[in-house]
Amino acid sequence: MGFTRRDLLKFTGGSAAGLAFTPVPWRLLRDSALVSENWPGVPQPAQGEIRTRYTTCTLCPAACGVRARCVGDQPVSLAGVPGHPASHAALCTVGLVGHHLPFCGGRATRALANGRAVAIEQVLARVSAAIAQCGPDESVAILDARPGRAASQVYRRFLAGLDNGIYCAPPEAQPYGPFGIDLENTRAILSFGVPVLDGWLSPGRVLANRSHFQLIQVEADYSRTASLADLWVPVAAGDAAFAAAVAHALRGSGEDAHAADVARILGANQPAIAIGGGAGNLNAILDSVGRPGGFLRRRDYAPATDLAAVPDHSIQVLLAEESALPWSLLERKLATRNAVVVALTPWLDGYARHADYVIPAPLYLESLDEVATPAGSTAAGFSLSPALVAAPVGVMAPADFILRLAHDATSYADVLKQRVAALKKDGRGTVFTYSDAKSTRVQDIASTSDLWKTLLGGAAWVDDPVPQVSTGFPIPAAETGDPPLHSSPLMSKLERESGLRPARRYAI
Amino acid sequence: MSATQTKPARYGMAIDLDRCTGCGACMIGCAVENNVPPARPEATPRTGITWMRVYQISNGAPFPDRRAAFIPILCQQCGNETPCAAVCPQEAVEVDPATGIVDQMPQRCLGCRYCMAACPYHARYFNWWDPQWPPGMERTLNPDVATRMRGVVEKCNFCHGRLHAARTHAATEGRRDLLPGEYVPACAEACPAEAIVFGDLNDAASEVAKLARDGHSFRILERLGTDSKIYYRTARAWVRAAAEEPAARKENDRG
Amino acid sequence: MFREHRGKILFVAGMLAALGVGWRGFPVALDRRVPQPVDFSHKIHADKAGAKCEDCHGLRDDGTFAGVPALDKCTGCHAQAMGTSAQEKRFIDGYVTPNREVAWQIYSRQPQNVYFSHAFHVKLAHLQCSACHGAEGQGDTLPPARVDRISGYSGSPHFQNMDACEDCHRQRGAANSCLACHK
């Protein structure tokens, strides 16, 4: 008798019954669930030793201290540094994801000439030639995105060696010139359009002091700061008539109801300051210069040329860092024929779209960098911003490019070492170390190389206070050009150098 | 975390709405810590994932007296008849007896989204798509938090990866108990205004317990009786009134 | 008799075959046996170098477990050949000289969503390494790792699923909530 189909079915039935008493079905069920947990598309975090490293944020002039949690060498999250003199323990929304920046698309990784990849040496040669050919009315300008650094000195020295060099910087980088704001003792702030609660100075410092001051926001838009202010005056920030009305009201005269409200609050909450382009001479009336709670002068300020003072169409060669100003402001200063624009930037968007030459710059966290005095600080400051990740091959720091242009064999790293040596020699100020929140006087640090190592491990140098005088506060030039800054300087810069645009405005 | 150790904790928060400026640093800090993927281009305010989400409300006054307040909403870690835990058919939600944290297990979740319907605070989010990061950004993922796949629900769990790390560190010193400040979720650490205070509500001496008890603190939708562990604080009466009866107007959708 | 009870006999035969395959054949077939890349002997290192478990598999300061040591732990002694064995020579030529990390197979590798803290179990519960890792640290060779062909996870009986962990936790009254062990 042969093996029939019935036999097969009986055997199979027996096997199935038997299998139920083995681990097979349960194991297969479990394995199928485990497989579905591990679709190939879902990334798994890398494992490794967790380390803490310190650096300083270079994304905006607030210069906040940064504590990076790293897996091996890769930062996986950033946080503030408790006790930091400029930033307290906070980072802003952009600073918290600074470590994601290298992975955003649109990165410039090769030197470009009119959109085509070239060697950096070729760009150096052509830019040198263009500079050499400049006539008496044709200037060479450097737009320094972050003035006050040791790199800024490199730019100035290079321009000083030319007949016709102009050194420019965006006003928001050092918004009060040689002055900082004694925010810890201010009791009222009259803000003409300044985004006080939304990107002004360092958020940690501003918000730590928020409960101490009354905030009056003069602004046509219902911005975040306006919606949270103690008083919102819906008048355009640049409205000179309103500033004049407030001046009258402070002196006891005038009929404007809003201005009277403002004057009442300022009178009841002293010391008070006025900030923003429309503030005019209100600080003189408020007597806020050189006094606690007002504007305090610091050392080591060197002014830049105001771009508005540069004649139109007079710049023949422009070397511009990042995308520090609206392009329309720069464009009208460029010579009408054969102007040469060099963009020193990490991004293909922003200035790179308008430039003849692009030199790819390293990003924040990719190479040893520095920060100057934090915006609004009442004492001069300096920090190193050590690299935490590797830079792409082929990038060059803007300062290194200018040094090469100047035929200077020093490297930017050496320039930084010289700056630190000068700090040690001057012997002023204290160094706040991020890892233990301790402050040490520079005099008590044994040597320059100790100071260098301390700064490289994450630290901020803070100058000693300077004797104050109540003399004139420079009236800031009114903002020109469009579009007006409708959000913080950092957000405006991000918009210029990326394709990012802010989410729809709220008209509530 | 064992029966042989000290009394159970009940972790909670006190969020000061008078300090919150709506900057969203808490949202970003949370997303970075918990490996939340960037939103897809097709995501909307209803389909994006924001374990911590800041809403904006206004006092309804005419201009120029209109003022805003910002309310960070996260999982309220309901202690009484936890709605999401009660409805889950998979028992993928568990209220941890040792910490009070309402823990969501994405590995058990089958994606029915019943819990999302049950949550009165809309604090639960669904993975409509596979998580995707721009090329290379996966290197920045946090190893203390597992990534989730498409089709499961996720929500705030008080950064329990940080709880694990804090307890492990305490264990090396032979301690079973955590010191104050040793365990802090990412949102509380990120807030530049220091508006979020985190701690053990069962520890009467802790700052959060003291803040929770005083007259300025309230909970959202208190009348539901969920015994939420998130206390909000404000001196402004209109903010407090809005928390009791949030209006279903567009302005409440921060988007 | 066979003809009469043919159906039942075949049925029972099927059952027995399935039981045999399911209990004996299936576990063997399901797991791949992956050998270790280097023929390392725990016994030699314990006897001759006096090494204890925690010398290479220790806790870091923050409490995380160092796991299987990185190459620099080995090169601390084996920068040059310390003996005459062929295995050591292969190790030095293949890994020390080119400075290549060894891709060790981990017997106890857990999925990403599992959180296990050696610090709790060693420092607070005072468990010996052998309580979970058995005689792994005493052998003269390293057995091949068992890797489940379907899921890719560990096939070692002790580490395959939660059962062994839960049993011990239940016996000792340790934490048994999801939060305790999952990320």
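Two strands count as paired if DSSP finds at least two bridges between them. The model treated here is predicted.

**Exercise 1. Pairing in a sheet of chain A**

Task: How many bridges join strand β18 to strand β21 of chain A, and which residue of β21(A) stands opposite F382(A)?

Solution.
- Step 1. Locate the strands: β18 of chain A covers residues 381-385, and β21 of chain A covers residues 459-462.
- Step 2. Count the bridges. Three join these strands, which run antiparallel.
- Step 3. Apply the cut-off of at least two bridges. With three bridges, β18(A) and β21(A) therefore pair.
- Step 4. Find the partner of F382(A). W461(A) in β21(A) stands opposite.

**Exercise 2. The whole sheet**

Task: What is the strand order of the open sheet of five strands in chain A, and which strands stand at the edges?

Solution.
- Step 1. Read the order: β17-β18-β21-β19-β20, with antiparallel pairing.
- Step 2. Take the edges. β17 (369-371) and β20 (438-441) of chain A each have a single partner strand, so one side of each lacks a neighbour in the sheet.
- Step 3. Add the twist, which averages 25° from one strand to the next.
- Step 4. Place the helix. α13 (residues 448-456) of chain A lies across β18, β19 (430-433) and β21. α13(A) runs at about 70° to β18(A).

**Exercise 3. Two helices of chain A**

Task: At what angle do the axes of α4 and α12 of chain A cross, and which residues make the contact?

Solution.
- Step 1. Take the axes of α4 (residues 150-160) and α12 (residues 412-426) of chain A. They come within 9 Å and cross at roughly 110°.
- Step 2. Classify the angle. Values of 65 to 115 degrees count as roughly perpendicular, so α4(A) is roughly perpendicular to α12(A).
- Step 3. List the contact. α4(A) supplies A150(A), A151(A) and V154(A); α12(A) supplies Y412(A), V415(A), L416(A) and R419(A).
- Step 4. Sort by class: six are nonpolar, none is polar and one is charged.

**Exercise 4. Chain B and its contact with chain C**

Task: What is the radius of gyration of chain B, and which helix gives the most to the side that touches chain C?

Solution.
- Step 1. Compare with the globule rule. For 255 residues a compact globule would have a radius of gyration near 18 Å; chain B has 18 Å, which agrees.
- Step 2. Check burial: 50% of the residues of chain B count as buried.
- Step 3. Turn to the interface. 25 residues of chain B contact 21 residues of chain C.
- Step 4. Name the helix. α4 (residues 160-172) of chain B gives the most, with seven residues.
- Step 5. Split the chain B side by class: nine nonpolar, 11 polar and five charged residues.

Key
Residues are numbered from 1 along each chain as its sequence is written. Chains are lettered from A and ligands numbered from 1 in the order in which they are written. This is a predicted model: local features need pLDDT of at least 70, side-chain atom pairs count only at pLDDT 80 or more; totals for chains, interfaces and linings use all residues. Helices (H or I, at least four residues) and strands (E, at least two) are DSSP runs, numbered from the N terminus. Axes are lines fitted to C-alpha atoms, for helices over the stretch in contact, and angles run from 0 to 180 degrees between N-to-C directions. Two residues are in contact if their C-beta atoms, placed from the backbone, lie within 7 Å. Ala, Val, Leu, Ile, Met, Phe, Trp, Tyr, Cys and Pro count as nonpolar, Asp, Glu, Lys and Arg as charged, and the others, Gly among them, as polar. The radius of gyration is taken over C-alpha atoms; the globule rule is 2.2 Å times the number of residues to the power 0.38. A residue is buried if 20 or more other C-beta atoms lie within 10 Å of its own, exposed if 12 or fewer, and partly exposed in between; C-beta atoms are placed from the backbone. Angles under 35 degrees count as roughly parallel, over 145 as roughly antiparallel, 65 to 115 as roughly perpendicular and the rest as oblique.
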